[in-house]
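Hi,

Here's the structure I said I'd pass along. Have a look at it first, and my notes on what turned up are underneath.

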Amino acid sequence: MEIIGYAAAVLIGISLGLIGGGGSILTVPVLVYLFGLDAFLATEYSLFIVGISSLVGSVSYFKKGLVNFKMAMIFGIPSLLAIFLTRIYLLPLIPKEVFRIRNFTITRDIFLLLIFAGLMILASYKMIKSNTSEKLSERAADKNNTLLAGVQGSIAGVLTGLVGAGGGFMIIPALVNLLKIPMKIAIGTSLVIISFNSLIGFFSSVNHVKIDWGLLISITTIAVAGIIIGSQLSKKIDGKKLKPAFGWFILIMGIYIITKEIFL
């Protein structure tokens, strides 16, 4: 199972390099079902893997001038605050046994996985529909849109803090539609936001869990190798054409998690 897990880590990196996001949402299921980690620990590992992978992925965009740091701050600061508060204060409040329905108990791990599955289904819908316009609107982002972007950044931060996903499927549409950033710059800016959000989220709560650094670094290294492969493939393959197919795969995974945790 670990061999399959390492192969999946390569695919996570390739998807990040090829389509600019989405792959990070598979990190927690890979850690839980292939490496046998509990969901709580998997969210912690995921933050590190996603953070380092996104940081490496953002380098090529930065070199091409496709990162808008001002917009990264507008979206990223509320997101960072939300992640910090979620990891330090909200997550520890979730009890090991959330609630019980007759003979079925919703544990903290099941609860987090169900939230994650719902997030996967939402992300898959956005990938399959993928109607985000690539053209920059002539109208500049107004104050209301900037405020909305900050609110959406906070929501993305809470979700990242809870389930360890980067949230690129929420960040990119917000940057394009609310802050009026062209798609290519939005992808590069999103990777910067995701990397800082994830790494700060990881280091803000790392002292509360026991980390197997050997396993974590090996998975991260393989995911980073996948990003490099994906970045090279992106020169020959149009990632946008693969996005809906990847969305269907994530949808199936989300449904599988719900079915496994509730019914099996």
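Residues 132-139 are the stretch to be wary of: pLDDT (the predictor's confidence in each residue, from 0 to 100) stays under 50 there. The model still gives that stretch 14 contacts beyond four places in sequence, contact meaning heavy atoms within 4.5 Å. Where pLDDT is low, the predicted coordinates should not be read in detail. Over the whole protein, the mean pLDDT is 82, and 91% of the residues reach 70 or more.

Some bookkeeping: this is a predicted model, with local features needing pLDDT of at least 70, side-chain atom pairs counting only at pLDDT 80 or more, and totals for chains, interfaces and linings using all residues. Residues are numbered from 1 along each chain as its sequence is written, and side-chain values use heavy atoms, with hydrogens and water left out.

On to the elements, which are DSSP runs numbered from the N terminus (helices are H or I with at least four residues, strands E with at least two). Helix α9 (residues 213-233) has the highest mean pLDDT among them at 89, while helix α7 (residues 168-177) has the lowest at 77. α7 is also mostly covered, with 9 of its 10 residues buried; buried means under 20% relative accessible area, exposed over 50%, and partly exposed in between (1.4 Å probe, protein chains only). Among those buried residues are Phe169, Met170, Pro173 and Leu175.

Now the helix packing. Helix α3 (residues 39-63) packs against helix α8 (residues 183-205) at about 145 degrees, with the axes 7 Å apart. Axes here are lines fitted to C-alpha atoms, for helices over the stretch in contact, and angles run from 0 to 180 degrees between N-to-C directions. The α3/α8 crossing is left-handed, i.e. the near helix is turned anticlockwise from the far one by less than a right angle (clockwise would be right-handed). By class, that contact has 13 nonpolar, 9 polar and 2 charged residues. For the classes, Ala, Val, Leu, Ile, Met, Phe, Trp, Tyr, Cys and Pro count as nonpolar, Asp, Glu, Lys and Arg as charged, and the others, Gly among them, as polar.

α3 also meets α9: their axes come within 9 Å and cross at roughly 35 degrees, this time in a right-handed crossing. The residues in that contact include Tyr45, Phe48 and Ile52 of α3, and Trp213, Leu216 and Ile219 of α9. The class count is 12 nonpolar, 4 polar and no charged residues.

Two single residues on these helices. Leu41 sits in α3 and counts as buried because its relative accessible area is 15%. Leaving aside neighbours within four places in sequence, Leu41 touches Val209, Lys210 and Ile211; the C-alpha atoms of Leu41 and Ile211 are 8.4 Å apart, although 170 residues separate them along the chain. Ser231, in α9, is partly exposed because its relative accessible area is 22%.

Last, the strands. β1 (residues 97-101) and β2 (residues 104-107) pair in the antiparallel sense over 4 bridges, where pairing takes at least two DSSP bridges. Glu97 has Thr107 as its bridge partner, and Ile101 stands opposite Phe104. The two strands form a hairpin with 2 residues between them, and Arg102 in the turn has a positive phi of about 55 degrees.

Cheers
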